[in-house]
Amino acid sequence: MDLNKTLEKITVKILAEAERLGEKIPYVPAADGMYTDSQSIYWWTNGFWAGLLWQLYSVTENELFKRLAQSSEERLDAALDGFENVDHDAGFLWLHTAGANYRLTGNKRSERRLLHAATLLAGRYNPELRIIRAWNEQWMKGYDTAGGAIIDTMMNLPLLYTATDITSDPRFGNIAVRHADTMLEYMLRPDGSVNHQIVFDINTGELIANPGGQGYESGSSWSRGQAWAIYGYAISYRYTGEIRYLDAAKRVAAYFMANTSLTEYVPLADFRAPDEPVYYDTTAGAIAACGLLEISEHVNDFEKRLYKKSAELLINAIDEKWCDYNPSNDGIVDGGSASYHNNMHHEKIIYGDYFFTEAVLRLMGKGFYIW
């Protein structure tokens with residue numbers, strides 16, 4: 001894989017998409033293969049388009065990428081105003097918009113947006129259960145969502161760590177650490193696999209369930225959840241220096257790569273699902289690749305090659321089999337599966353493009369650290 005050529009193809013494609021989209025925020029292409037606007041201003045993927053634009057702006061300085069990324073950030077002010085609908089994915093929304101803008105340009109309005117979002121995320125913390133509540137709605141069938149947590153939130157904790165870095169107020173980071181430790185205790189299994197969801201009794205604090213969530217069933221192994229854990233724990237190690245987080249990331253990484261090696265480095269949507277039907281999830285591979293590259297930055301020279309080479313295997317497999325670089329179509333990385341039990345399988349999904357591009361740039365030593 002020629003990384004320079006891959007980056008060139010990504011840039012040409014995203015430039016064409018940006019010119020077509022204008023100020024729209026994409027999620028998945030419609031039936032005609034073209035992006036439409038976001039289904040809701042609160043939708044959890046709304047930051048990834050801006051994040052992709054900022055990544056490319058950091059290496060091209062193309063003003064169109066910057067302008068449209070800032071437009072997405074401004075549109076998300078409506079979500080801050082309607083704060084009661086913001087959930088555990090605040091990091092995905094504002095790290096890639098306001099956070100990226102603040103890191104690259106020093107924009108003070110962006111800094112305030114970032115801290116506003118971090119305050120909303122911190123407000124979801126339940127000190128009795130030591131979790132950041134997941135959804136607002138009853139997405140955990142049969143259970144009270146107020147007692148629920150999901151592995152995805154590990155990737156939103158950088159919003160809290162960043163808020164502590166900016167303000168020197170330890171409360172944000174302390175919440176992140178307490179949530180991460182609860183996930184270590186209740187989410188991570190001895191073999192390196194993870195649950196997607198856990199539910200506590202809100203009155204007694206007792207763990208009462210671990211629903212399958214977006215995986216096949218309770219006790220199965222949703223691959224994107226494994227990828228969130230790899231990257232999320234590696235990032236928590238970056239911010240805290242707590243070795244238990246790096247050890248967790250490495251344990252999940254070993255499990256992930258062992259399973260993905262059986263399918264030519266394109267992960268199944270769930271590693272413990274029936275043999276048929278076969279559902280892949282390239283987005284899990286792209287996210288895991290970024291997590292592996294994160295781990296590689298925190299280990300000694302004798303280990304670095306293992307994690308970097310593993311990331312390369314995942315990205316090469318996506319590039320060879322699942323990428324559409326035709327500028328006339330929207331979306332690059334095909335093969336994404338949103339959830340095992342819905343009809344969104346082998347689709348282009350905006351976060352697949354974001355993490356694929358982040359991984360390519362990091363492999364080139366050009367990555368802009370958005371987390």
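**Figure 1. The whole chain has 13 helices and five strands.** Helices (H or I, at least four residues) and strands (E, at least two) are DSSP runs, numbered from the N terminus. This is a predicted model, where local features need pLDDT of at least 70, side-chain atom pairs count only at pLDDT 80 or more, and totals for chains, interfaces and linings use all residues. Residues are numbered from 1 along each chain as its sequence is written, and side-chain values use heavy atoms, with hydrogens and water left out. The C-alpha trace spans about 55 × 45 × 45 Å along its principal axes. Of the 371 residues, 59% are buried (under 20% relative accessible area; exposed is over 50%, partly exposed in between; 1.4 Å probe, protein chains only).

**Figure 2. Helix H12 covers residues 301–321.** Its 21 residues reach 31 Å from first C-alpha to last, close to the 30 Å expected at 1.5 Å a residue (the expected span is 1.5 Å times one less than the number of residues). Buried residues of H12 include Tyr-307, Leu-314, Ile-318 and Asp-319. Their cover includes helices H1 (3–21), H10 (243–260), H11 (282–296) and H13 (350–363). At the start of H12, a side-chain oxygen of Asn-300 comes to within 3.0 Å of the backbone nitrogen of Phe-302, a polar contact (a pair of N or O atoms within 3.5 Å; within protein, one must be able to donate a hydrogen and the other to accept it, and residues adjacent in sequence count only if both atoms are side-chain atoms).

**Figure 3. Helix H1, capped by Asp-2.** A side-chain oxygen of Asp-2 sits 3.1 Å from the backbone nitrogen of Asn-4. The 19 residues of H1 should span 27 Å at 1.5 Å a residue, and the end C-alpha atoms agree at 26 Å apart. Lys-13 and Glu-17 are among the buried residues of H1, and the buried set packs against H2 (48–60), H3 (63–75), H12 and H13. Just after H1, Gly-22 takes a positive phi of about 65°.

**Figure 4. Backbone oddities in three loops: Glu-61, Pro-277 and His-346.** Most residues other than glycine have a negative phi, and most peptide bonds are trans. Glu-61, between H2 and H3, has a positive phi of about 60° though it isn't a glycine; it counts as exposed because its relative accessibility is 60%. His-346, between H12 and H13, also isn't a glycine and has a positive phi of about 55°; at 30% relative accessibility, His-346 counts as partly exposed. Pro-277 is in the loop between H10 and H11, and the peptide bond leading to Pro-277 from Glu-276 is cis, with omega near -5°.

Key:
Contact = heavy atoms within 4.5 Å.
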